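Biologist: Can you walk me through this structure? I'm new to this, so keep it plain.
Modeller: Sure, here it comes.

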Amino acid sequence: MSIQAEPQSPSDVIRPLEEAHGPQSGAVKFTMLLGGVVFALMMVFGLIMRAAQGAWIEIEPEIFYQLLTAHGAGMVGTAAVSGAAIMWYFLGRHVPLSQGIYWAFLGLFLLGVVLILGAIFLGGYGAAWTFLFPLPAISGGAWDVGAAAAFILGYVSIGVGFLLYYLEVGRRVSAAYGGLARALGWRIIMTGDVTGAPPPTVVAAAAVTIFNSIGIVLGAAVLVVSLVNLFVPEFEVDALLAKNLIYFFGHVFINASIYMAVCAVYEIIPEYTGTKWKTTRVFAIAWNAVLLFVMAVYWHHLLQDVVMPPWMLVVGQLVSYFSGIPLLAVTAFSLCIYIRGSGMKWDLASSLLVLSVFGWSLGSIPATIDGMIMVNKVMHNTQWVPGHFHMYLLLGEVAMAFGFMAWLVRGREPTEMGVFDLAALWAYVAGAVGFVLVFLISGAASIPRRWAVHLEEWWLQDRIGTVFGGLVILGTLLFVIRYVTGLLRAAEDA
Amino acid sequence: MQPIVLGVSLVLMGAAAVLFWRAVRAVDGPPAGDGANRRRTQLIWTMTLVGVLVSVASLREWPHAIASEGEGVIVNVSGGQWYWDIDVEQVPLGTPVTFLVSSEDVNHGMGIYDENMRLLFQTQSMPGYVNKVSYTFEEPGYYQVLCMEFCGVAHHDMISEFEVVEQVPATE
């Protein structure tokens, strides 16, 4: 098995033209098209919810909670599939990957989407994307067990697809780099010798493969238990154990989407700066810390479950804080160093990718503060929570995805941004910043999250949030239109 | 506490944004010098030190401390789709009140709001467990109980109320 040579000089880091039309690119481009369209659709669902909370429009609560469920599951799923597509694309530079596995992964994902959409919009299922046990089975008459079962089976289908994906990634990386431990950079950590170090994308792939596989397997366990409970109510699982499993799975899964998508930063930014993103000892230590932190931090979701052993809640708070160090002191700091004095050009792709690391970093600040038990007591499940996760998703993972899409349809060289690109970028950035700030301010005003009907005194924030949300959708639509026209132009040229 | 949390968050986010903006503006300036790694190391140690200090300060007094047995009063609260069952209508002012919170069906979240609709504290209400939380009310008046954990189609209707009074009548 051969390992593709890494670029060694600024001229080498310019991507070969044929790569954009390589064997994996069609599937990845299709995935990103799907991702862009679904992101936009889910944002429209979000906009409807914010407008309904602000009493600008009127929708029945059951419809609101169905939209809430679709929005949550759809956004998490799309973030994950777009992150997976990005990592697959760039990992293909370093190890050979089976296209058949990718199509199987995507097929199972789409099957899951069909089941989930059917469960929600045909079956009336609306227990949120977190399916907190035993809510799927106890709906108060809003949906029947068939709808809940379809939703759970949809998740199972997506999970099986992702496991296939990680099996392929894991075995290829392991074979090429002499085991996952070496791919994680353990040799570099032990010896400090970076000769023959695995590229950053390979280190990321090894870490994500390990923690997300574990997360999905534990998620599958609680999904199966929930499924059995639907049809055999006497078969019960401890609600606290189920909650632990669900939050472990959910936390790891959504974090994996960002950690996969960051490969776009590692691989594309060097084209602009002329300096390869290197695997150093600090980089390897950071990724190994991430591997542990991502799995150990999920207890910060359970800080108000006071029956939990106190030491777990303390670990949740501590790891929540220390998780910020690899992000801020390694990823964000390195990006600042790489771009400084590089003379890089700002086109849509580079702008969005740099923005994504900054947005991700900024979003970690209110998240970390909410991870303190004393703060969580008054912020948990207020709109502070969607405030911080929308920040590191909208301005983080989603920006990475759109940056990657802009790069996919870019010509060989970066070009100056035109009016269209500038309008799209600033509409998106201004909208997203305003949107998340309104959420954070609303959280500080104690407005609870996930309420279909708001008190009149909360309407002003809801309406301002709706306006900013509209701006985000405008920017997103412009990104998607630009991507589609770029694909069509490339097809014509071909 | 909420205004402080918001203020600290905005200041830290603003400071980080300024640093990032300066890096973006420095693209056409001189490249980072040899001191970059030293600065990174300083940043890591500074963040670590701040983390240790903040953790010790915020955990030295356990945030979930429960009033000792025999001290104050006990209030039993049970959540169900979609109601709160509270075994008293009035609780005393200036005395620790320990809420024993459970659930009849699915997960709920008991959030206690003051008359200005400011969240004072919360805990989860879950099937099979009793979560305990203690609080000493310092202002008389009516307090709202809102559901903080999504529990189904009438989640937003799960609102109840109790009164904090200087002296609870003996019949309570």
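Biologist: How many residues does each chain bring to the contact?
Modeller: Chain B gives 63 residues and chain A gives 63 residues. Keep in mind that this is a predicted model.
Biologist: Which parts of chain B supply at least two residues of the side that touches chain A?
Modeller: There are helices and strands in the list. The helices are H1 (2-25) and H2 (36-59) of chain B. The strands are S5 (108-113), S6 (119-125) and S7 (131-136) of chain B.
Biologist: And which one gives the most?
Modeller: H1(B) does, with 13 residues.
Biologist: How do the residues on that side of chain B divide into nonpolar, polar and charged?
Modeller: The side of chain B that touches chain A has 38 nonpolar residues, 19 polar ones and six charged ones.
Biologist: OK, now chain B on its own. How many helices and strands?
Modeller: Chain B has two helices and nine strands. Read along the sequence, the pattern is α-α-β-β-β-β-β-β-β-β-β.
Biologist: Is chain B spread out or compact?
Modeller: Chain B is more spread out than a compact globule, because its radius of gyration is 23 Å. The globule rule gives 16 Å for 172 residues, and 23 Å is well over that. Along its principal axes, the C-alpha trace of chain B spans about 80 × 40 × 30 Å.
Biologist: What share of chain B is buried?
Modeller: Buried residues make up 28% of the 172 residues in chain B.
Biologist: What about contacts between residues at least 24 apart in chain B?
Modeller: Take the contacts in chain B between residues at least 6 apart in sequence. Of those, 64% join residues at least 24 apart.
Biologist: Let's do strands. In which sense do S3 and S9 of chain B pair?
Modeller: Parallel. Strand S3 (residues 90-92) and strand S9 (residues 159-165) of chain B pair over three bridges. Gln90(B) stands opposite Glu163(B) in S9(B).
Biologist: And how do S8 and S9 of chain B run?
Modeller: Antiparallel. Six bridges join S8 (residues 141-147) of chain B to S9(B). Tyr143(B) stands opposite Phe162(B) in S9(B).
Biologist: Where do side chains point in a regular strand?
Modeller: They alternate between the two faces of the sheet.
Biologist: Switching to chain A. Where does Leu167(A) lie?
Modeller: Leu167(A) is in helix H4 (residues 145-177) of chain A.
Biologist: Why does Leu167(A) count as partly exposed?
Modeller: Because Leu167(A) has 14 C-beta neighbours inside 10 Å. Buried needs 20 or more, and exposed means 12 or fewer.
Biologist: How far is Leu167(A) from Ser213(A)?
Modeller: The two are 46 residues apart in sequence and 8.6 Å apart in space, C-alpha to C-alpha.

How values were computed:
Residues are numbered from 1 along each chain as its sequence is written. Chains are lettered from A and ligands numbered from 1 in the order in which they are written. This is a predicted model: local features need pLDDT of at least 70, side-chain atom pairs count only at pLDDT 80 or more; totals for chains, interfaces and linings use all residues. Two residues are in contact if their C-beta atoms, placed from the backbone, lie within 7 Å. Helices (H or I, at least four residues) and strands (E, at least two) are DSSP runs, numbered from the N terminus. Ala, Val, Leu, Ile, Met, Phe, Trp, Tyr, Cys and Pro count as nonpolar, Asp, Glu, Lys and Arg as charged, and the others, Gly among them, as polar. The radius of gyration is taken over C-alpha atoms; the globule rule is 2.2 Å times the number of residues to the power 0.38. Two strands pair if DSSP finds at least two bridges between them.
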